[in-house]
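Here is a friendly briefing to read alongside the model. Keep the structure open and follow the strands as they come up.

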Amino acid sequence: CSADILYWSAFKQLDILESQIKPFSEQLIGFLEETIDTMGHINLLTTFGDEKGSKAILIRYLLVNSLTSYYILIGWPALNELGAIISTPYMAMKFLTMSGKIIVTP
């Protein structure tokens with residue numbers, strides 16, 4: 001929850017040059033105390049929303065090469081930067097666009 005993670009398989013699909021990866025060699029510690037090696041980090045402008053309204057923020061993703069069904073994990077650092085309000089029971093997120101419009105994503 002405290003890191004924004006981009007999985008290596010998703011990174012490769014983005015067609016970004018590997019030369020943009022910055023060194024970062026710390027390990028992540030999971031829920032069951034397992035450790036996962038990082039491959040570096042990259043800053044990417046990430047857009048939330050759709051054509052009705054959106055907001056873009058710069059996120060520092062840690063790159064991880066691990067088998068998972070996820071492409072990215074958005075952690076609290078990015079959610080705080082976005083100003084998002086999360087509702088777990090409704091599986092929804094609410095945030096303000098740059099123009100001040102409230103967006104609710106399912």
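Let's begin with a pair of strands: E2 and E3 are antiparallel partners, joined by 3 bridges. Within that pairing, Gln-27 sits opposite Asp-37 of E3. Please keep in mind that this is a predicted model. From here the briefing moves through the two sheets, then the aromatic pairs, the largest pocket and one exposed lysine.

**The five-strand sheet**

- E2 and E3 belong to an open sheet of 5 strands, whose order is E2-E3-E4-E1-E5 and whose pairing is mixed.
- At the edges of this sheet stand E2 and E5, each of which pairs on one side only.
- How many bridges join E3 to E4? There are 12 of them, and the two strands run antiparallel.
- One place to see this pairing is Thr-38, which stands opposite Val-64 in E4.
- E3 and E4 also form a hairpin, with 2 residues between the strands.
- One residue of the loop between E3 and E4 is Lys-52, which returns at the end of this briefing.
- On the other side of the sheet order, E1 and E5 run antiparallel and are joined by 2 bridges.
- If you click on Leu-6, look across to Ile-72, its bridge partner in E5.

**The three-strand sheet**

- A second group to look at is an open sheet of 3 strands in the order E6-E7-E8, paired antiparallel.
- E6 and strand E8 (102-105) are its edge strands; each has a single partner strand, so one side of each lacks a neighbour in the sheet.
- Ignoring direction, neighbouring strands of this sheet are turned against each other by 15° on average.
- E6 and E7 run antiparallel, and 3 bridges join them.
- Ser-87 marks one spot in that pairing, standing opposite Ala-92 in E7.
- The hairpin of E6 and E7 has 4 residues between the strands, and Met-91 in the turn has a positive phi of about 50°.
- E7 pairs with E8 over 4 bridges, again in the antiparallel sense.
- Two positions help you find the E7 and E8 pairing on screen: Met-93 stands opposite Thr-105 in E8, and Phe-95 has Ile-103 as its bridge partner in E8.
- E7 and E8 form a hairpin too, with 5 residues between the strands, and there Gly-100 takes a positive phi near 95°.

**Aromatic pairs**

- The whole structure holds 2 aromatic pairs.
- Trp-8 and Phe-11 make a stacked pair, 5.0 Å from centre to centre and with 25° between the planes.
- Why are Trp-8 and Phe-11 separated by about one helical turn? The reason is that they lie 3 residues apart in helix H1 (residues 8-13).
- Both Trp-8 and Phe-11 are buried.
- Phe-48 and Phe-95 form an edge-to-face pair, 6.5 Å centre to centre with 70° between the planes.
- This pair links distant parts of the chain, with Phe-48 in strand E3 and Phe-95 in strand E7, 47 residues apart.
- Are Phe-48 and Phe-95 buried or exposed? Phe-48 counts as buried because its relative accessibility is 11%, and Phe-95 counts as buried because its value is 2%; the cut-off for buried is under 20%.

**The largest pocket**

- The largest pocket contains about 960 Å³ of space.
- Its lining is made of 30 residues, and those closest to the centre are Cys-1, Ala-3, Leu-73, Ile-74 and Gly-75.
- Which elements each supply at least two lining residues? They are strands E1 (5-7), E2 (27-29), E3 (35-50), E5 (72-73), E6 (85-87) and E7 (92-96), together with helix H2 (76-82).
- By residue type, the lining of the largest pocket divides into 21 nonpolar, 8 polar and 1 charged.

**An exposed lysine**

- Back to Lys-52, in the loop between E3 and strand E4 (53-64).
- Lys-52 counts as exposed because its relative accessibility is 62%, where exposed means over 50%.
- Lys-52 and Lys-101 are 49 residues apart in sequence, while their C-alpha atoms are 9.5 Å apart in space.

Terms used:
Residues are numbered from 1 along each chain as its sequence is written. This is a predicted model: local features need pLDDT of at least 70, side-chain atom pairs count only at pLDDT 80 or more; totals for chains, interfaces and linings use all residues. Side-chain values use heavy atoms; hydrogens and water are left out. On a 1 Å grid over the protein atoms alone, a cavity is a set of points where a 1.4 Å probe fits but cannot get out, and a pocket is an open set with protein on both sides within 12 Å along at least five of seven lines; lining residues have an atom within 4 Å of a point. Grid points are joined across faces, edges and corners, and a volume is the space filled by probe spheres set on the points. Ala, Val, Leu, Ile, Met, Phe, Trp, Tyr, Cys and Pro count as nonpolar, Asp, Glu, Lys and Arg as charged, and the others, Gly among them, as polar. Buried means under 20% relative accessible area, exposed over 50%, partly exposed in between (1.4 Å probe, protein chains only). Rings of Phe, Tyr and Trp (its six-membered ring) pair if their centres lie within 6.5 Å; planes under 30 degrees apart count as stacked, over 60 as edge-to-face and the rest as tilted. Two strands pair if DSSP finds at least two bridges between them. Axes are lines fitted to C-alpha atoms, for helices over the stretch in contact, and angles run from 0 to 180 degrees between N-to-C directions.
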